[in-house]
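User: Please take a close look at the second largest pocket of this model and describe what lines that pocket. Please then follow the strands and the helix that help to place the pocket in the fold.

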Amino acid sequence: MESSLLLSSPRTLKPFLPLPFPTVRRRHASFRGKPPAPPPLPPLARGSRRLGVAVPRAAGEAFDDGFHSQERPPGVGRGGARRRSYRETQGEPAVSPAAAAARAVAPYVVPVGAVLVLSFGMALPFPLYRTVIWKVVQNMLPGKKKDQSSGESVPSGIMWSFAAGSNLASSTVKAEKESRKNLNKFYKELRTLKTVNMAGRQFGDEGLFFLAESLAYNKSAEEVDFSGNGITAVGIEAFDGILQINTALKTLNLSGNDIGDEGAKCLSDILIENVGIQKLLLNSINVGDEGAKAISNMLKKNKSIRILQLSNNTIEYSEIHLHGNGIGNEGIRELMSALSAHKGKITVVDIGNNNISPEGLRPVAEFIKRTKSLLWFSLYMNDISDEGAEKVAEALKDNKTISTIDLGGNNIHSKGVSAIAETLKDNSVLTTLDLSYNPIGSDGVKALCDVLKFHGKIQTLKLGWCQIGVQGAEFIADCLKYNTALSTLDLRANGLGDDGAICLARSFKIINESLTSLDLGFNEIRDDGAFALAQALKANEDLAVTSLNLSNNFFTKFGQVALSEARDHVYEMSDKEIDIYF
């Protein structure tokens with residue numbers, strides 16, 4: 001049976017005193033536009049923490065809590081009758097005017113302990129601890145007061161409800177028994193339930209402090225729903241020191257609470273150190289760009305969150321960075337669904353390194369087709385393979401906004417590259433294509449170069465670690481003779497050797513006014529390749545190249561000298577500087 005707690009009262013709760021709590025961290029944040037914090041409490045000893053509430057004085061009458069009886073504590077409630085009798089014999093009123101006024105107001109004042117914190121880590125013996133709880137509940141049970149209009153007795157004070165239909169205010173005796181039964185059940189279930197549903201109870205910030213503290217001791221709850229409870233940014237601080245130590249909780253739902261940007265910042269700061277939560281629901285929390293940025297920064301460091309929902313917020317923040325979170329196919333479907341429904345303009349999406357397979361590419365491809373604002377998209381280091389590359393290529397036919405796409409490290413072969421190359425024939429928007437760390441081989445490079453000779457607007461092409469070899473270098477050299485758009489070419493670690501460098505050097509002798517940066521690092525090029533490149537630089541003074549990276553190759557001092565002389569020659573002849581790295 002699922003239990004719940006609803007706190008309501010006719011007056012605002014008073015400031016409360018804390019119970020000890022085993023954490024030493026405490027964040028303080030200024031929440032703009034939120035209700036003012038309670039007046040400051042007396043200073044505590046160093047290292048202590050304010051979290052909890054004061055327990056009201058126990059009831060005067062003896063009672064049986066179902067476990068053992070507890071008589072009236074010594075000194076409590078004694079002498080009152082004798083003082084009243086003495087005053088009456090002296091002609092004085094039985095109750096002083098001040099006391100009468102206080103009693104008139106008392107039914108409307110909520111006790112200091114209105115929010116009852118069950119600190120399950122307390123050192124009290126269990127029977128005595130439950131006795132204290134029952135005394136607190138008995139004191140807080142609603143009394144009766146006369147309705148001035150009807151003269152009938154009506155309940156006053158606090159109304160407790162643990163589930164629908166279990167209102168404790170109907171009868172004092174019945175309520176007392178019911179409260180004992182339900183509170184004891186709630187105490188036990190909260191320690192053992194895997195799913196805790198407290199949605200829509202409107203317990204507010206102070207109620208959250210009560211419930212959040214119990215999570216510190218609950219090692220079994222995997223899903224907690226606090227949605228729709230009037231929680232503000234102030235209440236979010238209740239999680240500080242708790243979510244850092246709770247590793248059992250997997251799903252946290254805070255949707256429908258007006259926590260705003262400040263609450264999102266506070267929560268993000270707390271979740272950086274959490275290693276348990278995998279699903280975070282923050283729909284309709286009135287978060288905007290600032291809160292979204294804080295969440296995005298948190299996700300760069302938090303490695304456990306797999307699913308994040310931010311629907312129905314006021315986010316116009318244009319960048320979504322979820323790199324390296326292991327979201328997987330299920331998480332990516334949720335994310336793409338949320339992004340598709342998002343009304344703001346999203347220009348950057350990074351879902352690299354998230355264990356996405358070809359199956360997970362279906363919602364991604366649909367999102368690419370429909371988006372009207374996306375400029376930069378990264379699928380770096382997933383495993384979409386040729387099947388996923390074909391889906392991306394098909395989606396790019398309908399997309400007219402993406403200018404940069406990163407498909408590096410996705411186990412794409414020549415078949416997948418051929419599909420992407422065909423798309424480039426009619427795509428005049430895409431200017432940066434990253435295919436690094438894919439085994440596309442010489443066949444994949446040929447399919448790409450056949451298109452780029454006369455089609456497409458690709459300005460930056462990254463083919464590092466693509467196993468293209470010497471034959472691939474020949475296809476690229478031939479393409480450079482005709483291409484007029486490519487300005488940056490990355491060919492690192494492709495085993496080009498001297499033969500590949502010589503092929504590229506020949507293309508330098510042809511006037512190319514677009515290529516400005518060439519990266520040939522890690523290609524096992526030796527002195528012969530260095531000499532060929534040096535001669536090409538000297539022969540073509542109109543060459544546009546201004547940056548040539550030859551680092552991590554096998555040059556001796558002779559190859560290095562040849563390249564240095566070529567650089568100096570170009571500078572002397574054309575006053576143009578070429579940065580050569582070796």
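Analyst: In this predicted model, 24 residues line the second largest pocket, and those nearest its centre are Leu310, Ser311, Ile315, Leu339 and His342. Three elements each contribute two or more residues to this lining: helix H8 (289–301), strand E12 (319–321) and helix H9 (328–341). The volume of the pocket is about 440 Å³. By residue class, the lining consists of 14 nonpolar, eight polar and two charged residues.

Strand E12, one of the lining elements, also belongs to an open sheet of ten strands. The order in that sheet is E12-E13-E14-E15-E16-E17-E18-E19-E20-E21, and the pairing is parallel. Strand E12 and strand E21 (579–581) occupy the edges; each has a single partner strand, so one side of each lacks a neighbour in the sheet. From one strand to the next, the twist averages 5 degrees. Within the same sheet order, strand E19 (residues 517–519) and strand E20 (residues 547–549) are joined in the parallel sense by three bridges. Serine 517 has serine 547 in E20 as its bridge partner.

A further open sheet comprises five strands in the order E7-E8-E9-E10-E11, again with parallel pairing. Its edge strands are strand E7 (195–197) and strand E11 (307–309), each of which pairs on one side only. Here the twist averages 0 degrees from one strand to the next. Strand E7 and strand E8 (residues 223–225) pair in the parallel sense over three bridges. Opposite asparagine 197 stands aspartate 225 in E8.

The remaining element is helix H5 (residues 204–215), which has twelve residues. From its first C-alpha to its last, H5 reaches 17 Å, close to the 16 Å expected at 1.5 Å a residue. How is H5 placed with respect to the rest of the structure, and why? Eleven of its twelve residues are buried, that is, under 20% relative accessible area, so H5 is largely enclosed by the rest of the structure. The buried residues of H5 are Gly204, Asp205, Gly207, Leu208, Phe209, Phe210, Leu211, Ala212, Glu213, Ser214 and Leu215. An α-helix has 3.6 residues a turn, so residues three or four places apart point the same way. In H5, the buried residues include Leu208, Leu211, Ala212 and Leu215, as well as the charged Asp205 and Glu213.

How values were computed. Residues are numbered from 1 along each chain as its sequence is written. This is a predicted model: local features need pLDDT of at least 70, side-chain atom pairs count only at pLDDT 80 or more; totals for chains, interfaces and linings use all residues. Side-chain values use heavy atoms; hydrogens and water are left out. On a 1 Å grid over the protein atoms alone, a cavity is a set of points where a 1.4 Å probe fits but cannot get out, and a pocket is an open set with protein on both sides within 12 Å along at least five of seven lines; lining residues have an atom within 4 Å of a point. Grid points are joined across faces, edges and corners, and a volume is the space filled by probe spheres set on the points. Helices (H or I, at least four residues) and strands (E, at least two) are DSSP runs, numbered from the N terminus. The expected span of a helix is 1.5 Å times one less than its number of residues. Buried means under 20% relative accessible area, exposed over 50%, partly exposed in between (1.4 Å probe, protein chains only). Two strands pair if DSSP finds at least two bridges between them. Axes are lines fitted to C-alpha atoms, for helices over the stretch in contact, and angles run from 0 to 180 degrees between N-to-C directions.
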